[in-house]
Amino acid sequence: MKKRPRLAVAVVVSAGLVVASAGCTSAGSGGVGQGGDPESAVVGIKLPTAVSHVHGVGVDPETGDILVASHEGLYVLPAPEGPGEESVVPERIGPDIDLMGFSVAEPGRYVASGHPHEGFDMPNPVGLIESRDGGATWQSLSRAGESDFHALVANAERVVGFDGSLQATEDGSTWETLDDGIEPFSLSMADDGRTVMATTQGGLMRSTDGGAAFAPVEGAPPLALVDWVPDTEVVFGVALDGRVHRSEDSGVTWESTGLVEGEAQALHADAEQLVVVADHRVTRSTDAGATFRSW
């Protein structure tokens with residue numbers, strides 16, 4: 001099985017990426033590299049030192065809670081109520097699963113993949129799993145013991161994942177194989193499930209047929225992370241140098257909006273905010289990535 005490339009140290013060549021290392025075994029969906037220096041100057045909520053790798057981040061639209069998927073399981077940060085970080089403490093919730101892939105499919109419903117740690121009774125890899133209680137418990141949907149989806153994106157109608165091949169399901173159990181030439185590091189999808197963005201070592205790729213075929217996005221920045229703002233044509237991305245980019249035409253053209261300090265590991269975008277995990281901290285922007293602050 002092909003593993004998703006680890007984007008760690010890179011040289012930018014045209015619209016693509018030449019990567020110095022590959023063969024990720026611990027960086028997961030929506031993440032770049034591993035947990036950064038806890039003493040980093042990045043402004044944000046510091047994650048517990050027990051968290052070694054962050055693989056993804058999302059926000060539950062129902063509660064506003066920020067969800068950090070890590071090698072050590074799921075951490076929840078309460079919905080921001082105002083500036084300042086003194087009262088915000090990430091709380092570990094749910095079983096001990098290395099959540100390599102993670103996505104908020106709809107309010108109150110999360111899907112994921114990965115590996116169970118010792119002592120948790122679930123097949124390894126877990127395949128596609130689902131939680132409907134805020135991550136407290138997870139149930140197997142399909143491909144248990146078969147698939148570890150390192151890249152995963154979902155909405156209410158569809159899940160697209162990469163476990164060595166790009167696949168999609170609309171019912172959680174029946175899968176179709178998509179473009180076999182794509183090895184995505186990060187995936188994002190429009191609400192209709194038809195337009196899919198993929199960051200790859202060859203550059204940003206875009207599909208308008210649900211992932212059956214992809215084409216390079218001419219002139220796109222070398223993005224490592226990408227996420228779609230629900231109910232819009234706006235897509236955000238973060239490059240390996242920390243530059244934040246925005247597209248207002250479903251990923252066709254891009255403009256730079258700002259910079260996030262540190263090594264970005266995971267990205268979430270919605271109409272209210274960008275949430276980025278960088279150097280072991282969760283940081284937010286409410287001005288399209290122009291500035292980031294503690295909370």
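Me: What is the mean pLDDT of the protein, and what share of its residues reach 70 or more?
Reply: This is a predicted model, in which local features need pLDDT of at least 70 and side-chain atom pairs count only at pLDDT 80 or more, while totals for chains, interfaces and linings use all residues. Residues are numbered from 1 along each chain as its sequence is written, and side-chain values use heavy atoms, with hydrogens and water left out. With pLDDT being the predictor's confidence in each residue, from 0 to 100, the share of residues at 70 or more is 84% and the mean is 87.

Me: Over which residues does pLDDT stay under 50?
Reply: The model has 124 contacts beyond four places in sequence for this stretch, a contact being heavy atoms within 4.5 Å. The stretch whose pLDDT stays under 50 is residues 1-36.

Me: Which are the edge strands of the open sheet with the order β16-β17-β18-β19?
Reply: Strands here are DSSP runs of E with at least two residues, numbered from the N terminus, and two of them pair if DSSP finds at least two bridges between them. The open sheet has four strands with antiparallel pairing. An edge strand pairs on one side only, and this holds for β16 (186-189) and β19 (215-216).

Me: What is the bridge partner of Ser186 in β17?
Reply: Strand β17 covers residues 196-200 and runs antiparallel to β16, to which four bridges join it. In β17, the residue bridged to Ser186 is Thr199.

Me: Why is the pair of Phe149 and Trp175 stacked, tilted or edge-to-face?
Reply: Rings of Phe, Tyr and Trp (its six-membered ring) pair if their centres lie within 6.5 Å, and planes under 30 degrees apart count as stacked, over 60 as edge-to-face and the rest as tilted; the count by this rule is two aromatic pairs. The ring centres of Phe149 and Trp175 are 5.0 Å apart and their planes lie at 20°, so this pair is stacked.

Me: How many residues apart in sequence are the parts that Phe149 and Trp175 tie together?
Reply: Phe149 lies in the loop between β11 (139-142) and β12 (151-154), whereas Trp175 lies in strand β15 (residues 175-177), so the parts tied together by this pair are apart in sequence by 26 residues. Both count as buried (under 20% relative accessible area, 1.4 Å probe, protein chains only), with Phe149 at 0% and Trp175 at 16%. The separation asked for is 26 residues.

Me: Which side chain does that of Ser285 join in a polar contact of 2.8 Å?
Reply: Ser285 is found in strand β26 (residues 281-285) and is buried, with a relative accessible area of 1%. A polar contact is a pair of N or O atoms within 3.5 Å, where within protein one must be able to donate a hydrogen and the other to accept it, and residues adjacent in sequence count only if both atoms are side-chain atoms. The Ser285 side chain also reaches the backbone nitrogen of Gly289 at 2.8 Å. The side chain joined to that of Ser285 at 2.8 Å is that of Asp287.

Methods. Buried means under 20% relative accessible area, exposed over 50%, partly exposed in between (1.4 Å probe, protein chains only).
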